[in-house]
Amino acid sequence: QVQLVESGGGLVQAGGSLRLSCAASGSIWSINDMSWYRQAPGKQRELVARIGSGGSTNYLDSVRDRFTISRDSAKNTIYLQMNSLKPEDTAVYSCNMNVVPTHWRGSTMTQSYWGQGTQVTVSS
């Protein structure tokens with residue numbers, strides 16, 4: 001079993017910063033892609049940022065140059081540094097990891113796991 005635990009959400013004024021963390025634990029052999037998603041009220045969930053196992057990244061256009069995703073593979077943890085926050089960034093942010101569980105070691109198959117979500121609210 002694999003668990004993802006997020007932290008770092010909260011309330012911040014426009015222009016401020018927050019840093020989200022997501023730590024994975026459990027029967028993990030390896031982790032491929034790690035991502036952050038968000039969902040605002042009444043809107044579909046969208047991919048905010050993704051980082052591959054080799055460190056390649058891609059971002060939602062509206063957050064590029066403001067948000068930075070990073071990973072600490074030794075700790076099975078990803079981070080999302082969010083700067084110059086805007087009210088439109090208000091959403092529940094969730095982490096996602098594509099994990100090779102221990103009982104699948106050596107396989108190219110992965111299983112997707114999600115964090116519980118953390119609320120980010122940006123006031124104007």
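**A walk through the strands**

Let's start with strand 11, residues 118-123, where the side chains take turns. Thr-118, Val-120 and Val-122 point to one face and are buried. Gln-119, Thr-121 and Ser-123 point to the other face, and these are not buried. If that looks like a zigzag to you, here is the general rule: in a regular strand, side chains alternate between the two faces of the sheet. Please keep in mind that this is a predicted model.

So who pairs with strand 11? One partner is strand 2, residues 10-13, and this pairing is parallel, with four bridges. Find Gly-10 in strand 2 and look across to strand 11: the bridge partner there is Val-120, one of the buried residues I just named. Strand 9, residues 91-101, also pairs with strand 11, this time in the antiparallel sense and over three bridges. Here Val-92 has Gln-119 as its bridge partner in strand 11.

Let's stay with Gly-10 for a moment. Is Gly-10 buried or partly exposed? Its relative accessibility is 25%, so Gly-10 counts as partly exposed. Leaving out residues up to four places away in sequence, Gly-10 touches Leu-18, Gln-119, Val-120 and Thr-121.

Now let's move to another sheet on the screen. Four strands form an open sheet in the order 1-3-8-7, and the pairing is antiparallel. Which strands sit at the edges? They are strand 1, residues 2-7, and strand 7, residues 67-72, and each of them pairs on one side only. On average, neighbouring strands in this sheet are turned by 15° against each other, if we ignore direction. Strand 1 and strand 3, which covers residues 18-26, are joined by six bridges. As an example to look up, Leu-4 stands opposite Ala-24 in strand 3.

In strand 8, residues 77-82, we find Thr-77. With a relative accessibility of 7%, Thr-77 counts as buried, because buried means under 20%. Beyond its neighbours within four places in sequence, Thr-77 is in contact with Cys-22, Ala-23, Met-34, Ser-70, Arg-71 and Asp-72. There is a polar partner too: a polar atom of the Thr-77 side chain lies 2.9 Å from the backbone oxygen of Lys-75. And how far is Thr-77 from our earlier friend Gly-10? They are 67 residues apart in sequence, and their C-alpha atoms are 19 Å apart in space.

Let's finish with the rings. The count of aromatic pairs comes to one. The ring centres of Tyr-37 and Trp-114 are 5.0 Å apart and their planes meet at 55°, so this pair is tilted. Why tilted, you may ask? Planes under 30 degrees apart would be stacked and those over 60 would be edge-to-face, so 55° falls in the tilted group. The pair links distant parts of the chain: Tyr-37 belongs to strand 4, residues 28-39, and Trp-114 to strand 10, residues 111-114, with their positions 77 residues apart. Tyr-37, at 16% relative accessibility, counts as buried, whereas Trp-114, at 34%, counts as partly exposed.

Trp-114 has another visitor: the charged end of Arg-45 sits over its ring, 4.0 Å from the centre. You can find a similar arrangement at Tyr-79, where Arg-19 lies over the face of the ring, 4.1 Å from the ring centre.

Thanks for listening, and do turn the model around yourselves!

Technical notes:
Residues are numbered from 1 along each chain as its sequence is written. This is a predicted model: local features need pLDDT of at least 70, side-chain atom pairs count only at pLDDT 80 or more; totals for chains, interfaces and linings use all residues. Side-chain values use heavy atoms; hydrogens and water are left out. Two strands pair if DSSP finds at least two bridges between them. Helices (H or I, at least four residues) and strands (E, at least two) are DSSP runs, numbered from the N terminus. Axes are lines fitted to C-alpha atoms, for helices over the stretch in contact, and angles run from 0 to 180 degrees between N-to-C directions. Buried means under 20% relative accessible area, exposed over 50%, partly exposed in between (1.4 Å probe, protein chains only). Rings of Phe, Tyr and Trp (its six-membered ring) pair if their centres lie within 6.5 Å; planes under 30 degrees apart count as stacked, over 60 as edge-to-face and the rest as tilted. A charge sits over a ring if NZ of Lys or CZ of Arg is within 6 Å of the ring centre and within 35 degrees of the ring normal. Contact means heavy atoms within 4.5 Å. A polar contact is a pair of N or O atoms within 3.5 Å; within protein, one must be able to donate a hydrogen and the other to accept it, and residues adjacent in sequence count only if both atoms are side-chain atoms.
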